[in-house]
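Reader: I'd like a close look at one of the chains here, and then at one helix inside it. Could you walk me through it, and put it in the context of the rest of the model?

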Amino acid sequence: MARLDVGLAQRTVVAGVAVHLLTLPLVTWVLLVVVREAQTNNFVQHVRTFARGVADGFEIAPVLGDTNKTSKLLDSVILTGEGVYAELADNGRRTVSALNHPGISYTGRQDLEFSDHPDSTYFIVLPINKSGHDAEVRLGFDKRPTLDDIAEARERIVEVLISYAVLSLVMAVVLVQYLTRPLASLGESARQVASGDHERRLSANTTIREVHDLAADLEKMRAELVGVNAKLRTEMDERARVEAQRQALESQLRRRQRLEALGTLAGGVAHEINNTLVPIMLFAQTVLDAQPPDSPSREDLLGILRSARRSKEVVKKVLTFSRQMNSGKRERLDLTEPVEEVVRLFRALTPPGILVVKCIEGHCLPVIADATLINLLTMNLCTNALQAMGATGGTLTVGLAPLTATGLEPAGVAAGNYMQLRIQDTGHGMDPATMEHIFEPFFTTRAAGEGTGLGLAVVHGIVESLGAILLVDSNPGVGTDFRVLFRVAEEQTASQRAEVRHDIS
Amino acid sequence: MTSPEGSPEDRSQTSSTVRILVIDDELDLLTALSGTLRRAGYRVRTAHSAERGLALLEQEAADVLITDVIMPRKSGIDVITTVRTLYPSTRVIAMSGGGSFRASDYQPGSITTSAYLLVSERAGAHAVLAKPFEASEIIAVVRQVLGP
């Protein structure tokens, strides 16, 4: 797998060094060969020309045979600085320049190439064509200046090539930096987008066309993806809302079916008990009336009557749950008065640890209801709230305010104008499992004897009979919030519409 | 104290001139109620069905009819309607304990005591009484329908 921690700059330096390591020795070698060839050829050409001139001097001038003149001519070879050794052999007689550099002697050889012999002297032997003479001139030239020139040229070449290598690497690094800076900036922007900042634009501040085009393409893609993402999010939210609404409706339907079934049962049971209570009460009264005043049975008979009356009350409550209220009177009603009456009552009744807060907001619009039922409904909800707070105390808030539903409210709340009666407590609250059952008759979380379990069932019966909507929200340890929504009376909304029309016209 | 009746349809032996007919399908209730009314001085006849009650009325008119609303076959509402038509001078008291005839008749809006009593009033009952009631209550209602 490729190593991801090596950047473009490092890669470029490594590649440049590798290329230079491979190519520079070769280039160096080639250049050195060329320089050396040029220098040595130049040397050889020069000394040969020079030697030819010396030989020509012996052939043309009347020198041969005259030792003094011969010596002078040979000395001139050394004195010009061209040669280091000069000798003339003429008919077996050798004449050597007195100025020859010490330590150099003719060994009978002749150099054809610069490097024929490894020593520092280059020997040339040229015959002299002059009648009566069998002569040849033998000259030695110092190779060291040429070797020094070659060495110096080699140093220069190596210096230049090393400088070139360093400079090219530096330029490569600078170029890479120039290329990668906009890419790094683009990468940073992309990371920001990936980490959630979807509105961050992807751009590269560069004049390099390819990088600029890449940034533009990425930005276009980002904008498109952000749009798609937002659309998907909206769709998901909408689906979640619809699903929540569906579940709430299902839950409401289940609850309603269960309560309907219980209502049917309660109605049937109530009928039977009511019928049997009549003879119990009448017979007990008959026997009681027949007892003398001091009869010990009187108390027992009164006990029968008390129990029968108590049963009568329980059945009455069950029937309240069973929509007894359907036949109650209905009238346009301002909820303020019955609600305030309950608040006054509860302020007088509640223990010191519980604060009763009344919160009536806005203009109370009339609803179609029955004041007695509203009273009973509010009392039952307040009683439930007080019992939920118990000895620990808390705050009971009774609120009344107009509410306009826009269709986004919980399931079952149609768009329209409502009056909202709200009873909130800071009591122990309920978990979802308990909330499922609170409206069932005889369901109670309280200890035996502390409650009949009919209070909220009666609330449900009243709400149903009035065609209102009951919403409950509760959190264990935090409290419970009951909301009852009453549709504002149609006449009122109609007249309001008329007023609006009048205002417009 | 008057001894219990052998049959719910026996004539009362009281000397009162006010004749009351009680119709209810509950026999214990019929016995208890007729006993209470007799001790209050009324002449009481009883019937355990609507049909039987109407037959007794044909034999002899009644000043007051006390009828249950919910009864099998023929309901108290039918009885009230018939009596108000055929015997306009008879004062009618309807009584109901709610509930339905049969489970299949269940209508959410019509199972309650007050609903039945409301229907009874509309059918022509002069007074209505929710079951259960005490002796004093029924006697007060009887006196009320008879007027001063």
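**Chain B and its helix H3**

Author: Let's start with the whole chain. Chain B has 148 residues, and 52% of them count as buried. Keep in mind that this is a predicted model. The secondary structure of chain B consists of five helices and five strands. Read from the N terminus, these elements go β-α-β-α-β-α-β-α-β-α. As for how the chain folds back on itself, take the contacts in chain B with a separation of 6 or more: 69% of them are between residues 24 or more positions apart. On the outside, chain B has an accessible surface of about 6300 Å², and carbon and sulfur atoms own 50% of that.

Now the helix. H3 of chain B covers residues 76-86, and its buried residues are B:Gly76, B:Ile77, B:Val79, B:Ile80 and B:Val83. They span an arc of only 155° around the axis, so they sit on the same side of H3(B). The spacing fits the usual rule: an α-helix has 3.6 residues a turn, so residues three or four places apart point the same way. What about the other face? Turned away from the buried side of H3(B), that face carries B:Thr85 and B:Leu86, which are exposed.

How far should you trust this chain? The mean pLDDT of chain B is 80, with 76% of its residues at 70 or more. Residues 1-15 of chain B are a place for caution: pLDDT stays under 50 there, and the model gives this stretch 31 contacts beyond four places in sequence. Residues 100-111 of chain B also have pLDDT below 50, with 23 contacts in the model beyond near neighbours in sequence. For the model as a whole, ipTM is 0.76 and pTM is 0.42.

For context, here's chain A. Its secondary structure comes to 10 helices and 11 strands, and 38% of its 505 residues count as buried. If you take contacts in chain A between residues at least 6 apart in sequence, 66% join residues at least 24 apart. Chain A exposes about 28500 Å², with 59% supplied by carbon and sulfur atoms.

Three spots in chain A are worth a stop. One is a nonpolar surface patch formed by A:Leu26, A:Trp29, A:Val30, A:Val33 and A:Val34, which together have about 490 Å² of accessible area. A:Val30 belongs to helix H1 of chain A, residues 8-60. With a relative accessible area of 40%, A:Val30 is partly exposed.

Another is A:Thr146, in helix H3 of chain A, residues 144-194. Its relative accessibility is 10%, so A:Thr146 counts as buried. Leaving out residues up to four places away in sequence, A:Thr146 touches A:Gln39, A:Thr40, A:Phe43 and A:Phe114.

Then there's A:His101, found in the loop between strands S2 (93-96) and S3 (121-130) of chain A. A:His101 counts as partly exposed, at 35% relative accessibility. Apart from residues up to four places away in sequence, A:His101 touches A:Ile78 and A:Val84. A:Gly83 is 18 residues from A:His101 along the chain, and their C-alpha atoms are separated by 9.1 Å.

Notes
Residues numbered from 1 in each chain as written. Chains lettered and ligands numbered in written order. Predicted model: local features only at pLDDT ≥ 70, side-chain atom pairs only at ≥ 80, totals over all residues. Heavy atoms only, no water. Buried < 20%, exposed > 50% of the residue type's maximum accessible area, 1.4 Å probe, protein only. Helix = DSSP H or I, 4+ residues; strand = E, 2+ residues; numbered from the N terminus. Arc of directions from axis to C-beta. Patch = residues over 30% accessible without salt bridge, like charges linked within 9 Å, V, L, I, M, F, W, Y side chains within 5 Å. Areas by Shrake-Rupley, 256 points an atom, 1.4 Å probe, with all protein chains shown as cover. Salt bridge = Lys/Arg side-chain N within 4 Å of Asp/Glu carboxyl O. Contact = heavy atoms within 4.5 Å. pLDDT = per-residue confidence, 0-100.
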